[in-house]
There are 2 protein chains.
Amino acid sequence: MLNFTYYNPTQLVFGKDTIKTIGNHVSSFGVKKVLFLYGKGSIFKNGVYDTAIASLKEHNIDFVEVSGVKPNPVLSKVHEAIKIVKDNNLEGIVAVGGGSVVDSAKAIAAGAFYDGDVWDFFEGKAQITKALPIFPILTISATGSEMNAGGVITNEAEGKKWGFGSLLLFPKVSILDPSVQATLPTIQTVNGAVDGLSHVFEAYFGGTSNTDMEDELSEGIIRTIIKHTRILIEDPSNYDSRSELAWSATLALNGINGVGRRGDWSSHGIEHGVSVFNDIAHGSGLAIVMPAWMKYVHSTWPEKFERFAEKIFGITEGTREEKGLKAIESLRAFYKEIGAPITLKEVGVEKKDLDFIADTVAKQGVLGSLKTLEREDVYKILEIAFE
Amino acid sequence: MLNFTYYNPTQLVFGKDTIKTIGNHVSSFGVKKVLFLYGKGSIFKNGVYDTAIASLKEHNIDFVEVSGVKPNPVLSKVHEAIKIVKDNNLEGIVAVGGGSVVDSAKAIAAGAFYDGDVWDFFEGKAQITKALPIFPILTISATGSEMNAGGVITNEAEGKKWGFGSLLLFPKVSILDPSVQATLPTIQTVNGAVDGLSHVFEAYFGGTSNTDMEDELSEGIIRTIIKHTRILIEDPSNYDSRSELAWSATLALNGINGVGRRGDWSSHGIEHGVSVFNDIAHGSGLAIVMPAWMKYVHSTWPEKFERFAEKIFGITEGTREEKGLKAIESLRAFYKEIGAPITLKEVGVEKKDLDFIADTVAKQGVLGSLKTLEREDVYKILEIAFE
């Protein structure tokens, strides 16, 4: 097991009827005036807006609203919100939505105390030294951003979808009421499930340093997500399954599943190139890219792919190599079954676009841990993912 | 899944050669003068004392030493240390040892700011409102106290081994270098393993509210502990297995394994009565008591004990009831195999003592969640545990 430091001070408030506690939590941090950040109108339909606003008012917390955060959140919106935060001397951020809203909140929280362009943090030109406290109310389980210290923002002008992070960006309190996810469109549930699974895979297949405890945890998360996604497609308002999927997705990227071994993260890097190109949902991009990456790299660590085959899909027949390949096909079949795209072609990418995508990915530098990927490797993976 | 709040701000620094960072961590909290608390001489033999002291000195941190914390830590030692902390205006506690030292540190940390008897916190007569920062250096993996906010202390005068806790008692930074456990006597490794397993069982069998994700996590911890305890008995200095056991034991009681369902904790309550009586190690007591508790309660939740049989011991033959009973016997056989005691008789308890133990246990009130236990139930469980 590799040395590690585990630290995650976010308080996660999980369960039914918890959103109404937001005012109390914000108040307990001495915050009196917040940015109220969200995406589109779904929080009006599911009642989250009304519940949260009522709670803020009850605790005499002023707020300024900014809406319109997009699924692949963009830098221009972050800039807009930072200006509003500064102009109004806001003291915290209540971020209502999925990962895009929480990631945006993190960039805004850091940008609020910085005179330059917040993108400097992404480029490594500046270090985050102070940030506003963040209070997410999660309405889509997917990214795990509600309980970690990182995020991903798209710089539209420069064609970069890049990550950033700082220990200062852990949300103070995250509220996660799985019941509000009952009315999500199926594809969003599916994208969230794929995102959660992909986070586990990045850690699980990250390198040849192994740990039993982490493998057990990873496999438990994977089995739980697969089981309960299937149930939710038939029965979207099943509260227990919503809870299982939500908690699994949080565990997938709150750090507990990543310790003691390296992560790989090249599939995320490649997906970022794909969704910069055609703005598909992150989960859809991962459903396409990650099995293709697995096909490209599995022979680097056949023992691990064999274990994956046995523990997740119960595959016991065949050679080690055959089991690994069967498992990758089983994963693709599962993605297809639940309605996720599995080829670039079906989301509108053309063969000629692969060069552009590979170039975009290459801007991030060399990717990967299990297998180091140069631009030509990325291109080959995109070819596998194409159809 | 039941509603829950997960919060654990302890920074866990895990791995080889991490003890030398203690001074830096203490210093980063602005602490300049600490209580240096430990048990017996083992920290001189394994080099931990020298490494820690050198690091404190390097960072100009003054310290006052208190040693002699016993395996079942006692209130009188806590009182002694609180007086020293107050007399010397100490600002923090470096606690070097296992759970007994860390638990004592928590009581001392709370008592340092309280004018009355610290035992008031155990009796619920007062609330902890302030505590010194605690910095454990863990040398025995067992209790999980290095990453949680609770502890257990024995009040010798009143014959009570009771728990206490407060969110203020999470250690700030815990350092866990598994390599220093290579020289532990086998029985201490075994006791630690049993303690870790027992913490998982308390959550796993706690009540009829189930969660797949938590069951998966529990089963992963159980399998990892069983596997690596066996390896360590043959090969005590196997670093990977030391790491697996250490990390599993931390996960067993850092809260992540307990969410979304009730815990039972009656076996712990019963064990406290046993070890108040004859001062055996907590892990030994649990190895005796917990399977007896399982035998007494398994018919309350046969489905769960069947799952336990299948997932942990691969038992697939027989009726549900038979599988559950076979699993309990398999657990006892495992405890016997690794050298843990499995009857009260073999640790010197006589039949006539069971009444006294049951009386001691009953002082804690009614126990249990899966099945509520009165004094007469406790007596019956002690009878099962006797031989």
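A salt bridge here is a side-chain nitrogen of Lys or Arg within 4 Å of a carboxyl oxygen of Asp or Glu. The views below come from a predicted model.

**Figure 1. A salt bridge inside chain A links Lys161(A) and Glu271(A).** The closest N and O atoms of Lys161(A) and Glu271(A) are 3.4 Å apart. Lys161(A) belongs to strand E7 (residues 160–165) of chain A, and Glu271(A) to helix H10 (residues 266–278) of chain A, so the pair ties together parts that are 110 residues apart in sequence. Over all chains, the structure holds 44 salt bridges.

**Figure 2. Chain B meets chain A across a shared interface.** On chain B, 39 residues are in contact with 39 residues of chain A. Between them the two chains bury about 3,200 Å², and carbon and sulfur atoms account for 56% of it. Three residues, Met1(B), Met213(B) and Trp247(B), supply 21% of the area that chain B buries against chain A. No other three residues supply more.

**Figure 3. Arg223(B) reaches Glu216(A) across the interface.** These two residues form a salt bridge, with their closest N and O atoms 2.7 Å apart. The rule finds 4 salt bridges across the interface of chain B and chain A. Polar contacts join 20 residue pairs between the two chains, both residues of each pair being at pLDDT 80 or more. On the side of chain B that touches chain A, the elements giving two or more residues are strand E1 (4–14), helix H8 (212–234) and helix H9 (239–252) of chain B. The residues of that side divide into 17 nonpolar, 14 polar and 8 charged.

**Figure 4. Strand E1 of chain A pairs with E1(B).** The two strands run antiparallel. In chain A, E1 spans residues 4–14, and 7 bridges join this strand to E1(B). One of the residues in this pairing is Phe4(A), whose bridge partner in E1(B) is Phe14(B).

**Figure 5. A turn of 180 degrees lays chain B on chain A.** The RMSD is 0.0 Å, and the shift along the axis is 0.0 Å. The two copies are therefore related as by a two-fold rotation axis. Within chain B, Pro9(B) has the C-alpha nearest the axis, 2.0 Å from it. Both copies use the same surface: 100% of the contact residues of chain B recur in chain A.

Terms used
Residues are numbered from 1 along each chain as its sequence is written. Chains are lettered from A and ligands numbered from 1 in the order in which they are written. This is a predicted model: local features need pLDDT of at least 70, side-chain atom pairs count only at pLDDT 80 or more; totals for chains, interfaces and linings use all residues. Side-chain values use heavy atoms; hydrogens and water are left out. Contact means heavy atoms within 4.5 Å. Buried area is the accessible area (1.4 Å probe) that two parts lose on being put together, summed over both. A polar contact is a pair of N or O atoms within 3.5 Å; within protein, one must be able to donate a hydrogen and the other to accept it, and residues adjacent in sequence count only if both atoms are side-chain atoms. Helices (H or I, at least four residues) and strands (E, at least two) are DSSP runs, numbered from the N terminus. Ala, Val, Leu, Ile, Met, Phe, Trp, Tyr, Cys and Pro count as nonpolar, Asp, Glu, Lys and Arg as charged, and the others, Gly among them, as polar. Two strands pair if DSSP finds at least two bridges between them. Copies are superposed by least squares on the C-alpha atoms of residues with pLDDT of at least 70 in both.
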